[in-house]
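Got the viewer open? Here is a short tour, one selection at a time.

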Amino acid sequence: MNREAIKSILPHREPMLLIDETELVGETARSRYTVRGDEFFLQGHFPDNPVVPGVILCEMMAQSACLLVNTGGGKFTPYFTGLKNVRFKNKVAPGDTLTFTSRLISQKGAFYFVKSEGYVADKLCVYGDLSFAVTRED
């Protein structure tokens, strides 16, 4: 699915839509984002050595994870409720293409629990356990 199809699911819009494409396979989302170098979050982080901030990597993982939400159709808003066991293993820089694998672990009512990992090529860059709540907007 491309960015336009992703927009039909996620409420995020530019400049905060941080997934370029995704593929849903059962309870797993495989998403990609290519860092162009002109993103708002690179402007001051760091001017002579741009690196994607960890909090942005967490947001990218979360957006991939939220594509797994099945609310039975209709609009919804996902809200982060927790991050656990998050680790940053390698830096991500302009020109890198991140590939995220997000796997739904469990769901309890409106709460979703997901494991996610982000790679550049074969290098693990970020991983963690995410949770979020979903509100429907019918």
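Start by selecting C58: this cysteine is buried, at 7% relative accessibility (buried means under 20% relative accessible area, exposed over 50%, partly exposed in between, with a 1.4 Å probe and protein chains only). Before you go on, note that this is a predicted model, where local features need pLDDT of at least 70 and side-chain atom pairs count only at pLDDT 80 or more, while totals for chains, interfaces and linings use all residues. Residues are numbered from 1 along each chain as its sequence is written, and side-chain values use heavy atoms, with hydrogens and water left out.

**The cysteines**

How many disulfides are there? The count comes to zero, taking a disulfide as a pair of cysteine sulfur atoms within 2.5 Å. C58 is in no disulfide, and the nearest cysteine sulfur, in C125, sits 13 Å away. Now pick C66. Why is C66 without a bond to C58? The sulfur of C58 is the closest cysteine sulfur to that of C66, but at 13 Å it is too far for a bond. C66 is buried too, with 4% relative accessibility.

**Into the core**

Next, select V52, M60, V92, L98 and F132. Of the 36 residues in the largest nonpolar core, these touch the most other members. A nonpolar core here is a set of buried Ala, Val, Leu, Ile, Met, Phe, Trp, Tyr and Cys residues joined through side-chain atoms within 4.5 Å. Colour by element and you can see who contributes two or more residues: strand 2, helix 2 (54-66), strand 3 (76-88), strand 4 (97-108), strand 5 (111-120) and strand 6 (123-136). Helices (H or I, at least four residues) and strands (E, at least two) are DSSP runs, numbered from the N terminus. Which element gives the most to this core? That's helix 2, with eight residues. In soluble globular proteins, nonpolar side chains tend to be buried together.

Stay on V52 and show its surroundings. Skipping neighbours within four places in sequence, V52 is in contact (heavy atoms within 4.5 Å) with V35, F41, L42, H45, L57, M60 and V92.

**A stop on strand 2**

Move to T28, which is in strand 2 (residues 28-34). Is T28 buried or exposed? T28 is buried, with a relative accessible area of 14%. Leave out residues up to four places away in sequence, and T28 touches E23, L68, T101, S102 and R103.

**Charged pairs**

Time to show the charged side chains. The structure holds eight salt bridges, each being a side-chain nitrogen of Lys or Arg within 4 Å of a carboxyl oxygen of Asp or Glu. Side chains of opposite charge can pair when their charged atoms come close.

Select E14 and R3: they form a salt bridge, with the closest N and O atoms 3.0 Å apart. This pair links distant parts of the chain, 11 residues apart, with E14 in the loop between helix 1 (3-7) and strand 1 (21-25) and R3 in helix 1. Both count as partly exposed, E14 at 44% relative accessibility and R3 at 21%.

Add K7 to the selection. E14 forms a salt bridge with K7 as well, with 3.2 Å between the closest N and O atoms. K7 is buried, at 18% relative accessible area. Widen the view and you'll find R3, E4, K7, E14 and D20 linked in a network of salt bridges.

Click on E4 while you're there. E4 lies in helix 1 and is exposed, with a relative accessible area of 54%. Draw a distance from E4 to T101: their C-alpha atoms are separated by 20 Å, with their positions 97 residues apart along the chain.

Another pair to try is R32 and E21, a salt bridge whose closest N and O atoms are 3.5 Å apart. R32 is in strand 2 and E21 in strand 1, 11 residues apart, so to speak a link between distant parts of the chain. R32 counts as partly exposed at 29% relative accessibility, and E21 likewise at 39%.

**Last stop: a nonpolar patch**

Finish on the surface with I105, F111 and F113, which form a nonpolar patch with about 250 Å² of accessible area together. Patches are made of residues with over 30% relative accessible area and no salt bridge, where like charges are joined within 9 Å and nonpolar side chains (Val, Leu, Ile, Met, Phe, Trp, Tyr) within 5 Å. Accessible areas come from the Shrake-Rupley method with a 1.4 Å probe, and for residues only the protein chains shown count as cover.

Zoom in on F113, in strand 5. F113 counts as partly exposed, at 30% relative accessibility. Leaving aside neighbours within four places in sequence, F113 is in contact with R103, L104, I105, S106, K108, L130 and S131. For a final distance, pick G82: F113 and G82 are 31 residues apart in sequence and 9.1 Å apart in space, C-alpha to C-alpha.
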